[in-house]
Amino acid sequence: MSSLTRIALWGQQLVCEVLQPGELAVDLTSGKGRDTYALVKAVDPEGQVVALDLQAAALEQTTELLQSNDFTINRWPADLAIPKQAGIFLVQACHSTLDKLLQHPAKAIIANLGYMPGGDPSLVTRPDSTLAVLQQSLELLSPGGRLAVTVYPAHPGGGEERTVVNEFFCSLPSDLWKVLSLRAVNCIGAPCLLVAERTSRI
Ligand SMILES: C[S@@+](CC[C@H](N)C(=O)[O-])C[C@H]1O[C@@H](n2cnc3c(N)ncnc32)[C@H](O)[C@@H]1O
């Protein structure tokens, strides 16, 4: 596939370019760990990365990827707030609990929605919990911070999720949020990337 239409990679790039070593970044759906790994490299050294997933298999794959690249992982319990502290924190939890887990501001938040290829397809992101965590993410982002969401309309329920996510981004006030939408416009069912950047005026 051409790199032009690899939408999730644009999402990674657009959040990583605002990250500096030492900052906090969040992956709302760790899956196979590729986005988490990109965030880790962008805030290393001394940065903090928090990655969540519902699925034990996803956290195992993320752990494997990071450990094979010589990073140390903290597996964190879902019922305990995460301290402001350098390191990688992996949590098996629904991302709609983010506001209970994290109370300090993040510079970047990424979500690659849908289900994990090769994983359990019933563990798919759903509009209600997605919307809940997107609202919480806005509260958590520091000025200049970015939220990037890749949404897949082709699987059952994906079309509804895309509508909800698209409406959410479209409703952000333009004096407070810069918003970008990216999609292969000549391909039916192609994923869509939405990115919001918090202006420094808030
Ligand atoms: C497309 S995959 C993520 C890909 C991943 N970011 C990567 O780089 O490989 C979507 C992931 O979302 C997870 N997921 C689904 N619903 C979730 C929820 N409510 N909270 C957290 N993770 C969820 C799935 O288990 C799956 O691993």
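What is the volume of the largest pocket? The exercises below start from this point and use a predicted model.

**Exercise 1. Describe the largest pocket by its volume, its lining and the elements that supply it.**

Step 1. The volume of the largest pocket is about 890 Å³.

Step 2. Its lining consists of 39 residues, and N112, L113, Y115, P117 and Y152 are the ones nearest the centre.

Step 3. Sorted by class, the lining of the largest pocket holds 18 nonpolar, 15 polar and six charged residues.

Step 4. Helix 1 (7–16), helix 2 (34–43) and strand 2 (48–53) each contribute at least two lining residues. Helix 1 gives the largest share, four residues.

**Exercise 2. Locate the ligand and work out which residues hold polar atoms against it.**

Step 1. Where does the ligand sit? It occupies the largest pocket.

Step 2. The ligand is surrounded by 24 residues, with T29, D35, D53, Q55 and H95 the closest. This shell is made up of 10 nonpolar, 10 polar and four charged residues.

Step 3. Take the polar contacts next, with a cut-off of 3.5 Å between N or O atoms. T29 uses a backbone N or O atom, placed 2.7 Å from a nitrogen atom of the ligand. D35 instead uses a polar side-chain atom, 2.7 Å from a ligand nitrogen atom. D53 also brings a polar side-chain atom, here 2.6 Å from an oxygen atom of the ligand.

Step 4. How much of the ligand's accessible area does the protein cover? On its own the ligand has 610 Å² of accessible area, and the protein covers 97% of it.

**Exercise 3. Describe the second largest pocket in the way used for the largest.**

Step 1. The second largest pocket contains about 160 Å³ of space.

Step 2. Its lining is formed by 14 residues, and G22, E23, L24, K84 and P105 lie nearest the centre.

Step 3. By class, the lining of the second largest pocket divides into four nonpolar, six polar and four charged residues.

**Exercise 4. Find the unusual backbone geometry in the loop between helix 2 and strand 2.**

Step 1. Begin with the general expectation: most residues other than glycine have a negative phi, and most peptide bonds are trans.

Step 2. Which residues does a cis peptide bond join? The bond lies between D44 and P45, with omega at about 0 degrees. P45 belongs to the loop between helix 2 and strand 2.

Step 3. Now check phi. E46 is not a glycine, yet its phi is positive, at about 75 degrees.

Step 4. E46 is placed in the loop between helix 2 and strand 2. That loop thus holds P45 of the cis bond and E46 with its positive phi.

Conventions
Residues numbered from 1 in each chain as written. Predicted model: local features only at pLDDT ≥ 70, side-chain atom pairs only at ≥ 80, totals over all residues. Heavy atoms only, no water. Near = heavy atom within 4 Å. Polar contact = N/O pair within 3.5 Å; in protein donor to acceptor, adjacent residues only side chain to side chain. Areas by Shrake-Rupley, 256 points an atom, 1.4 Å probe, with all protein chains shown as cover. 1 Å grid on protein atoms, 1.4 Å probe; cavity = no way out; pocket = protein on both sides within 12 Å on 5 of 7 lines; lining within 4 Å. Sits in = over half its atoms within 2 Å of the grid points. Nonpolar A, V, L, I, M, F, W, Y, C, P; charged D, E, K, R; others polar. Points joined across faces, edges and corners; volume = space filled by probe spheres on them.
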